[in-house]
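Colleague: Please take the pairing of strands in this model as your one topic, and go through it slowly for a student who is new to such pictures. I would like one connected account, with each term explained where it comes up.

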Amino acid sequence: MAELDDIVREFLVETHENLGTLEQDLVRLEENPNDAKESLARIFRTVHTVKGTCGFLGFSKLESVTHVGENLLSLLRDGKLSVSGEITTALLSLVDAIREMLTSVEASGEEGSGDYSQLVQELARLVDPSRSAPKPTRSLQSPPAAVPTASREVGQRDPAPPPQIGELLVQGGLITRTEVQDVLELQNAGDPRHVGEILVEQGKVAPEDVVDALNLQKKTKAQNGGLADTTIRVEVSQLDKLMNLVGELVLARNQILQFVGPDTDAALQTTTQRLNLVTTELQAGVMKTRMQPIDTVWSKFPRVIRDLARSCKKRIRVEMEGRDTELDKTIIEAIKDPLTHIVRNAVDHGIESPEKREAAGKPVEGYLRLKAFHEGGHVNIEISDDGGGIDPEKLRRNAHEKGLVSAAILARMSERELLGLIFMPGFSTAEKVTNVSGRGVGMDVVKTNIERIGGSVDISSRLGEGTTLHIKIPLTLAIIPALVVASGQERFAIPQVSLVELVRMDLDKPDCGIEDIGGVPVYRLRGNLLPIVDLSKELFGRKSIIGEGAVTTIVVLQADERQFGMLVEQILDTEEIVVKPLAKQLKNIPAFSGATIMGDGSVALILDILGLAQKASVIGARRDRSLGDRGKQNQSADEKPESLLLVRAGERQTLAIPLRLVARLEEVPRTLVERAGASNVVQYRGQIMPLFYLSDVISEISDAHTELPEMLSVVVFDHRGRSVGLVVAAIVDIVDEAIKRHSTARRPGILGSAVVHGQVVELVDLPGVMERILPHTDSLVPQALVA
Amino acid sequence: MPEENQYCTFHLGNFIFGVGVREVQEVIRYQQMTQVPLAPATVGGLINLRGQIVTAIDLRERLGMPARDPKALPMNVVVCSEDGAVSLLVDEIGDVIHVSSSQFEMVPDTLVGPARELITGVYKLEGKLLLVLDVNKTANIDPETLKVA
């Protein structure tokens with residue numbers, strides 16, 4: 001069997017399906033010619049589609065046959081001809097002819113050698129009766145005669161029955177034909193066993209050979225099955241139902257597994273094990289049916305991009321990587337619009353016009369890359385262009401002009417924060433509004449839509465070099481990681497996305513460190529006041545558990561841009577939960593977003609953190625939250641003390657690095673530092689870690705590493721999932737200090753300054769520095785070395 | 001008048017109620033329930049019905065009857081309402097009975113309270129009355145009541 005193109009394969013499946021309905025329609029048409037408008041339109045559409053696709057795929061014979069059929073149908077549809085038995089017959093033989101050719105295409109990739117000129121003539125004559133057919137009287141009878149022949153031919157072409165097992169073994173030279181004959185005679189005499197079985201028992205062939213032959217036989221059978229028989233369309237709701245049932249089966253299985261211990265009956269143990277295996281496989285199988293490759297969305301992009309590029313007079317090359325990355329169908333649906341929007345954006349104002357590109361010394365043709373890959377239970381999608389990039393200063397100006405953010409806050413914003421502005425509602429940087437984009441709606445919607453399905457969007461951009469959007473989404477919507485907590489008798493699930501941290505409370509302090517502002521409990525978390533919500537009080541109206549010594553842990557949660565702490569009676573576990581919607585009766589309760597079934601079969605409610613925060617008045621109504629708020633937070637973040645690692649660079653200069661960014665502090669003997677390309681590297685925990693000298697990466701540190709000590713002090717931190725080492729002259733201290741960001745003190749690599757122990761220290765902009773020296777993971781020298 | 005003349009019956013206190021057999025999905029014994037805080041009192045909790053989460057409505061509360069003895073475990077009559085499956089918590093399950101429309105009578109006007117709206121009619125059986133419950137109205141908890149709490 002010739003390997004078929006995916007397109008041809010799809011065409012065959014679809015057409016086979018359509019032909020089935022077409023035949024029914026035709027027959028119905030003949031029975032009831034007056035009530036035919038709809039079925040005629042449907043028939044016409046089907047034949048038209050077949051014709052179009054054939055032309056596209058280069059099946060000229062099929063095309064010519066369908067073409068005349070289409071002519072005839074269009075007359076019927078427009079009411080210029082009325083349906084007669086003669087016409088129906090001709091159309092039915094057209095269907096047969098199409099089917100015959102399809103069968104041939106499926107088998108060999110060719111249309112076959114059948115001659116359809118008579119059918120074409122007949123159809124043409126029906127279209128235009130004035131065109132005399134050779135013998136009108138005969139042609140009246142000939143089509144009915146043609147139908148059976150055509151279909152009989154199809155019948156004759158039906159695949160041969162799969163070869164017998166004995167035959168296959170003989171072909172493989174393992175046994176002789178007479179031996180097979182003997183066995184067959186045995187079978188005829190009443191031996192119930194299979195041929196293979198008998199042969200193995202007689203010692204004529206090895207069991208493996210029989211297995212091989214059986215597999216071969218199966219394969220031939222499957223191939224002969226034909227494409228139309230191998231796929232089936234199923235309602236998604238049907239799959240959902242199956243998913244539900246399988247989920248339930250998994251729970252039942254878990255319960256049974258608990259009952260079965262080492263001292264249970266051996267037979268029961270084996271059966272349970274089988275049940276276990278089958279259930280797992282069944283679950284995976286059902287999950288898989290809902291998965292679709294991301295290509296179902298992407299495949300539309302080349303066209304979209306091409307059209308857009310033409311209308312903007314740009315030239316763009318598209319590259320896609322990881323098209324077969326699979327995602328749950330619901331997620332595919334959810335990301336379709338955001339992705340399209342991002343792509344349109346990239347084409348419209350990401351990539352510059354050819355003239356501009358040429359002037360900038362770039363290839364005239366722009367480049368857009370879509371990349372998808374799985375990583376740790378998530379799907380990552382990257383959309384990058386090599387366009388003009390985003391100018392953070394322009395964003396700053398724009399935000400100021402639009403009055404979205406106050407100037408004071410803008411002045412303090414880092415490059416990264418500025419880039420984040422494009423996700424704000426009402427923000428657009430396009431200088432001119434085009435019909436494609438730039439109306440100020442867009443990226444904020446993209447962000448909301450992606451966050452709604454538990455994903456995140458991130459943007460990085462380099463002016464003049466391009467922009468990359470990084471989207472991270474869960475594999476499936478239905479299952480989310482959650483923290484299970486208890487309040488009273490009930491368990492509640494908190495979605496992990498809202499969870500910031502768990503804080504163990506200081507039991508030595510009165511009320512475990514929870515203080516009171518006019519009856520409102522607050523907690524000092526690293527110098528910041530955290531409003532506290534008591535879950536039991538909020539939900540059940542019970543007396544607060546504060547002051548009973550029962551509180552040990554605060555769950556710090558994020559709702560919108562606000563953080564708050566929640567007191568729970570008990571923290572149980574983190575678990576992957578299956579989200580189920582609440583019934584209509586309970587939809588109006590703001591504190592819950594859904595429910596889930598726990599491992600023991602009981603139901604637990606999923607907390608809606610945003611709703612709960614609103615209910616507890618931790619955050620105001622939605623509209624109150626704006627960037628002003630966020631700015632205020634930034635401000636307080638600016639001035640709140642932070643743990644800083646003080647290091648020395650050069651001879652006298654002291655720099656501070658936020659401790660939260662630091663992974664480890666290491667001492668590395670200088671002799672272990674190796675050169676790889678232009679960088680220094682060191683082997684670190686089985687990885688090759690690039691090393692940078694702090695004095696090299698920050699400007700205006702004059703006295704470089706003239707004399708290096710034997711042991712290098714290295715600050716290790718994570719950059720895009722890899723360890724990177726920063727060599728400093730010495731590690732001085734760790735202090736808690738508020739950093740004031742003076743814009744005057746700002747320069748590349750430095751965020752601001754502070755006075756620590758009577759000495760001025762400067763705060764290193766570690767992410768900024770890293771972006772500069774290691775813009776992309778790919779460009780990490782060590783990786784290139786390994787490859 | 002309902003065409004249905006086969007009713008699944010159950011007891012609540014001294015009363016016998018019935019819902020059309022076609023509206024009943026299944027009858028199950030007491031299930032462990034998860035309380036829903038902040039929900040109206042008519043919501044008895046959530047039960048896990050083979051992977052489907054079903055809201056259980058406390059029928060006594062819904063009909064304005066005194067609460068059940070806390071030691072007595074209610075049974076579930078799972079009915080198909082317009083809003084999906086809903087479980088009605090009842091004291092005890094009765095039989096499926098046939099009634100003829102000649103036994104039917106409208107609810108007397110003297111009946112007031114929440115029950116008035118939910119009971120569509122009465123079948124006069126021998127020595128007792130069968131109160132017919134409107135499943136959709138019973139399942140539809142007035143959203144207004146959700147504003148409590």
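Modeller: Two strands pair if DSSP finds at least two bridges between them. Helices (DSSP runs of H or I, at least four residues) and strands (runs of E, at least two) are numbered from the N terminus. Residues are counted from 1 along each chain as its sequence is written, with chains lettered from A and ligands numbered from 1 in written order. The model is predicted, so to speak, with conditions attached: local features need pLDDT of at least 70 and side-chain atom pairs 80 or more, while totals for chains, interfaces and linings use all residues, and side-chain values rest on heavy atoms, without hydrogens or water.

Let me begin with a hairpin in chain A. Strand β12 (residues 520-525) and strand β13 (residues 528-534) of chain A run antiparallel and are joined by 4 bridges. Within this pair, A:R524 has A:L529 of β13(A) as its bridge partner. The hairpin has 2 residues between its strands, and A:R526 takes a positive phi near 45 degrees there. β13(A) also pairs with strand β15 (residues 562-567) of chain A, in the parallel sense and over 3 bridges; here A:D534 is matched with A:L567 of β15(A).

Now turn to chain B, where I shall stay for the rest of this account. Its mean pLDDT (the predictor's confidence in each residue, from 0 to 100) is 85, and 92% of its residues reach 70 or more. Care is needed over residues 144-149 of chain B, where pLDDT stays under 50 and the model has 5 contacts (heavy atoms within 4.5 Å) beyond four places in sequence. For the model, the scores are ipTM 0.84 and pTM 0.48.

Chain B contains 3 helices and 11 strands, and if you follow the chain along its sequence you will meet these elements in the pattern β-β-β-β-β-α-β-β-β-β-α-β-β-α. Of the contacts in chain B with a separation of 6 or more, 53% are made by residues that lie 24 or more positions apart. Of its 149 residues, 49% are buried, where buried stands for under 20% relative accessible area, exposed for over 50%, and partly exposed for what lies in between (1.4 Å probe, protein chains only).

Chain B has a hairpin too, which you can set beside the one in chain A. Strand β1 (residues 6-12) and strand β2 (residues 15-20) of chain B run antiparallel and are joined by 6 bridges, one of the facing pairs being B:T9 with its bridge partner B:G18 in β2(B). Between β1(B) and β2(B) lie 2 residues, and B:G13 in this turn has a positive phi of about 60 degrees.

β2(B) has a further partner in strand β11 (residues 128-133) of chain B, with which it pairs in the parallel sense over 3 bridges; in that pairing, B:F17 stands opposite B:L131 of β11(B). How much of β2(B) is buried? Because 5 of its 6 residues are buried, β2(B) is largely enclosed by the rest of the structure.

One residue of another strand lets us look again at β1(B). B:D95 is found in strand β8 (residues 92-98) of chain B, and B:D95 counts as exposed because its relative accessible area is 56%. Although B:D95 and B:T9 are 86 residues apart along the chain, their C-alpha atoms are separated by 5.6 Å. Leaving aside residues up to four places away in sequence, B:D95 touches B:Y7, B:C8 and B:T9. You have already met B:T9 as the bridge partner of B:G18.

Finally, consider the open sheet of chain B, in which 5 strands follow one another in the order β3-β6-β7-β5-β4, with mixed pairing. The edges of this sheet are β3 (24-28) and β4 (43-49) of chain B, each of which pairs on one side only. If you start at the edge strand β3(B), you will find 4 bridges joining it to strand β6 (residues 75-81) of chain B, and these two strands run antiparallel. Within this pairing, B:E26 stands opposite B:V78 of β6(B).
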